[in-house]
Amino acid sequence: MKKYFENLAKALLGMNYSELDQAERNVIDSIANNRPIATDINHSFDEQLTLGQRTADRVAEFGGSWPFIIIFVVVMILWIVLNTVWIIEKEAFDPYPFILLNLILSTLAALQAPIIMMSQNRQAAKDRMATRLNYEVSLKTDLEIMQLQKKVDELRSLVEKRLNNENK
């Protein structure tokens with residue numbers, strides 16, 4: 001079987017099987033075993049995420065949404081209005097310049113930034129996987145087309161020979 005892979009790699013890519021990188025080996029294996037190479041990258045990537053990674057993705061998704069922005073603005077307005085009204089009537093729990101609010105906002109930003117970055121790093125890793133898979137699919141398609149073209153050329157040559165023999 002190893003000889004078959006070597007011959008296939010040599011015929012299709014002009015290289016020894018052992019000289020190929022992992023993506024090219026996957027393509028040769030796929031052609032040799034007559035199996036598709038395309039997979040759902042979203043499904044395979046999502047299967048390997050931990051609970052913390054899925055949670056970070058959800059937090060990042062919610063933090064960049066309109067519902068978050070609306071809730072955030074409403075809470076800010078309520079906080080300011082409540083503290084301003086209480087300043088007039090009695091002692092507010094966070095009087096102007098709203099130091100507690102600033103602390104909460106700083107903490108929110110300090111937590112939200114790394115969570116969003118973790119989510120972006122995972123998206124970049126997912127994009128790299130998708131790019132690698134696209135390369136493999138494209139390479140396999142190119143090799144399959146080359147094989148088909150070779151077969152079509154052989155058939156055309158046979159037909160031309162038969163036509164020439166019949167015309168003589």
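Helices are here taken as DSSP runs of H or I of at least four residues, numbered from the N terminus. The model under discussion is a predicted one, and on this assignment its chain contains six helices and zero strands, so that, read along the sequence, the elements follow the pattern α-α-α-α-α-α. Pro 97, a residue to which the description returns below, has its place in the loop between α5 and α6.

The overall dimensions of the chain depart from those of a globule. A compact globule of 168 residues would have a radius of gyration near 15 Å, whereas the value computed for the chain is 31 Å. Along the principal axes, the C-alpha atoms fill a box of roughly 115 × 35 × 20 Å. Of the 168 residues in the chain, 24% are buried, and the accessible surface amounts to about 12,400 Å², with carbon and sulfur atoms contributing 63% of that area. Among the contacts in the chain with a separation of 6 or more, 57% are between residues 24 or more positions apart.

Helix α6, which spans residues 99-167, offers a view of distances within the chain. Ala 109 is found in this helix and, at 44% relative accessibility, counts as partly exposed. Between the C-alpha atoms of Ala 109 and Ser 138, which are 29 residues apart along the chain, the separation is 42 Å.

Helix α4 can be described in terms of its length and its two faces. The helix comprises 13 residues, from 51 to 63, and reaches 18 Å from its first C-alpha to its last, which is close to the 18 Å expected at 1.5 Å a residue. The buried residues of α4 are Ala 56, Ala 60 and Gly 63. Seen down the axis of α4, these buried residues fall within an arc of 65°, and they therefore line one face of the helix. An α-helix has 3.6 residues a turn, so residues three or four places apart point the same way. The buried residues of α4 pack against α5 (66-89) and α6 (99-167), while the face turned away from the buried side carries the exposed residues Leu 51, Arg 58 and Glu 61.

Aromatic side chains provide a further set of features, and the structure holds four aromatic pairs. One of them is formed by Phe 62 and Phe 68, whose rings are arranged edge-to-face, at 5.6 Å centre to centre and with 80° between the planes. The two partners are not equally accessible: Phe 62 is partly exposed, with a relative accessible area of 42%, whereas Phe 68, at 17%, counts as buried because it falls under the 20% limit. In another pair, the ring centres of Trp 79 and Phe 93 lie 5.2 Å apart and the planes meet at 75°, so this pair is likewise edge-to-face, the angle being over the 60 degrees that the class requires. The pair links distant parts of the chain, with Trp 79 in helix α5 and Phe 93 in the loop between α5 and α6, 14 residues apart. Trp 79 is buried, with a relative accessible area of 15%, and Phe 93 is partly exposed, with a relative accessible area of 44%. In addition, Phe 62, Phe 68 and Phe 72 form one aromatic cluster.

The backbone also shows some less common geometry. Most residues other than glycine have a negative phi, and most peptide bonds are trans. In the loop between α5 and α6, where Pro 97 has its place, a cis peptide bond joins Tyr 96 and Pro 97, with omega at about 20°. Phe 98 lies in the loop between α5 and α6 as well, and its phi is near 55°, a positive value in a residue other than glycine. At 10% relative accessibility, Phe 98 counts as buried. A positive phi of about 55° is also found at Asn 34, which is not a glycine. Asn 34 lies in the loop between α2 (22-32) and α3 (41-47) and, in contrast to the buried Phe 98, is exposed, with a relative accessible area of 71%.

Technical notes: Residues numbered from 1 in each chain as written. Predicted model: local features only at pLDDT ≥ 70, side-chain atom pairs only at ≥ 80, totals over all residues. Heavy atoms only, no water. Expected span 1.5 Å × (residues − 1). Buried < 20%, exposed > 50% of the residue type's maximum accessible area, 1.4 Å probe, protein only. Arc of directions from axis to C-beta. Contact = heavy atoms within 4.5 Å. Rg over C-alpha atoms; globule rule 2.2 N^0.38 Å. Areas by Shrake-Rupley, 256 points an atom, 1.4 Å probe, with all protein chains shown as cover. Phe/Tyr/Trp six-rings, centres within 6.5 Å; stacked < 30°, edge-to-face > 60°.
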